[in-house]
Amino acid sequence: MKEYEVVIIGGGPAGLTAGLYAARFGLKTILLERGLFGGQIVNANEVHNYPGFPNGVSGMDLGQLMYDQTVKFGLQAETAEVTGIKSNGNSFEIIFDEETISTKTVIIATGSNYRKMGVDGEAKLNGRGVSYCATCDGFLFKNKDVAVIGGGDTAVTDALELSQHCKTVYVIHRRDQLRACEAVQRAAFSNERIKFIWNSVVDSLEGQEKLDNVFIKDVKTGGTSSLSVSGVFVAIGLIPNSDLFKGFLDLDKAGNIVSNEMMHTSVPGIFTAGDIRKNSARQVATAVGDGATAAKAAFSYLKER
Ligand code: NDP
């Protein structure tokens, strides 16, 4: 069985940064990614909130640059889906494809996926009016009308953030009460640019080159209506990629990995980084910070042993 000092699961900004640091520490490291290197940012047309790129950078380019920098320093990065993890006392077995490898430490950077509405037009108009990140894309809708879908903290804080640049922000929520905390609700209710459309869900999205209309269904009456907006921000929760670790690591109610500020999880020798981590700010900038911290923590752990 091949032996490593560090196995990194996930090749987004957190995993790639952990890989960069681990490789530069001289640790025998492999990174396993099931999809595209770069993670969720590869779907972002332009990233404007990552330092060092005053004119913005495409998510695809940023992911590629991070990957190139990491492999340049000797990281072994492979496309493979991890399907199992086992503890053997002082080491761990990682199972993927037809192979099992052994490692002294693991860094989990598997991220999460935005929950999709699953309605007609959503996939087609993704990046052309449909967004899952108000912080990333809000500035594209200056003085425009937009809608936010959802009633949780993310949806309502997104609405507040968008109200700073947009003309009107419609919050479309499937119930007549918000899930967001009281203080956030109060701020939104007193904001003149935010309007609520209650008991309603999106039925479909329409537009050729870009989003033009949102078709809305009233869940109480069954009646339908349309709303002309330039942007729709979907904020109906995240699905953490943590199924593999249920029962093995402490997870919070939503399925995010519980860790301390040095990225230690509940199992010594296993570290975490990025969006999968409980209380992550879910930004590229914070993911790379987590990745560097996790690699440093893994290095210290190996040195102490
Ligand atoms: P939540 O799960 O809290 O909220 C999701 C929202 O989307 C709910 O209002 C839910 O409706 C709605 N929803 C879910 N599925 C659908 C669907 N298929 N169609 C329409 N609506 C749907 O997710 P958040 O991302 O808002 O928050 C995640 C966690 O992060 C929470 O614990 C939150 O408190 C925390 N957070 C904290 C922030 C802060 O500033 N402190 C900022 C952002 C997030 P319903 O209410 O009917 O279930």
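Which residues does Ser204 touch, not counting residues up to four places away in sequence? I would like to start there, and I should say at once that what we have in front of us is a predicted model. In that model Ser204 touches Val119, Asp120, Asn213, Val214 and Phe215, once residues up to four places away in sequence are left aside. Ser204 belongs to strand S12, which covers residues 200-206, and with a relative accessibility of 19% it counts as buried, because the limit for that word is under 20%.

Let me turn from that strand to a sheet. Five strands form an open sheet with parallel pairing, and their order is S8-S15-S9-S10-S11. The edge strands are S8, at 130-131, and S11, at 194-197, and each of these pairs on one side only. If you follow strand S10, residues 168-172, you will find that four bridges join S10 to S11 and that the two run parallel; within this part of the sheet, Val169 stands opposite Ile194 in S11. Helix H4, made of residues 153-162, packs on the sheet and touches strands S9 (145-149), S10, S11 and S15 (231-234), while the direction of the helix makes about 165° with that of S9.

Next come the aromatic rings. A pair of aromatic rings is described by the distance of the centres and the angle of the planes. Searching the whole structure gives 10 aromatic pairs. In one of them, the ring centres of Tyr21 and Phe25 are 6.4 Å apart and the planes stand at 65°, so this pair is edge-to-face. Both residues are partly exposed, Tyr21 with a relative accessible area of 34% and Phe25 with 28%. Another pair, Phe189 and Trp198, is tilted, with 6.3 Å from centre to centre and 55° between the planes. Here too the partners are partly exposed, at 46% for Phe189 and 28% for Trp198. Coming back to Tyr21 and Phe25, I would add that together with Phe299 they form one aromatic cluster.

Rings can also have a charged group over them, and I have two examples to show. Arg24 lies over the face of Phe73, at 4.6 Å from the ring centre, and the charged end of Lys28 sits over the ring of Tyr4, 4.7 Å from the centre of that ring.

My last topic is the salt bridges, of which the count comes to six. Where in the sequence do the partners Lys2 and Glu99 lie? Lys2 is in the segment before strand S1 (3-9) and Glu99 is in strand S6 (residues 99-108), so the pair ties together parts that are 97 residues apart in sequence. Their side chains meet at 3.7 Å, taken from N to O, and both are partly exposed, with relative accessible areas of 47% for Lys2 and 29% for Glu99.

In a further salt bridge, Lys86 is joined to Glu93, with the closest N and O atoms 3.9 Å apart. Is each of these two partners buried or exposed, or something in between? Lys86 is partly exposed, with a relative accessible area of 44%, whereas Glu93, at 15% relative accessibility, counts as buried. Finally, Asp243 forms a salt bridge with Lys246, where the closest N and O atoms are 3.1 Å apart, and in this case both residues are exposed.

Definitions and conventions
Residues are numbered from 1 along each chain as its sequence is written. This is a predicted model: local features need pLDDT of at least 70, side-chain atom pairs count only at pLDDT 80 or more; totals for chains, interfaces and linings use all residues. Side-chain values use heavy atoms; hydrogens and water are left out. Rings of Phe, Tyr and Trp (its six-membered ring) pair if their centres lie within 6.5 Å; planes under 30 degrees apart count as stacked, over 60 as edge-to-face and the rest as tilted. Buried means under 20% relative accessible area, exposed over 50%, partly exposed in between (1.4 Å probe, protein chains only). A charge sits over a ring if NZ of Lys or CZ of Arg is within 6 Å of the ring centre and within 35 degrees of the ring normal. Two strands pair if DSSP finds at least two bridges between them. Contact means heavy atoms within 4.5 Å. Axes are lines fitted to C-alpha atoms, for helices over the stretch in contact, and angles run from 0 to 180 degrees between N-to-C directions. A salt bridge is a side-chain nitrogen of Lys or Arg within 4 Å of a carboxyl oxygen of Asp or Glu.
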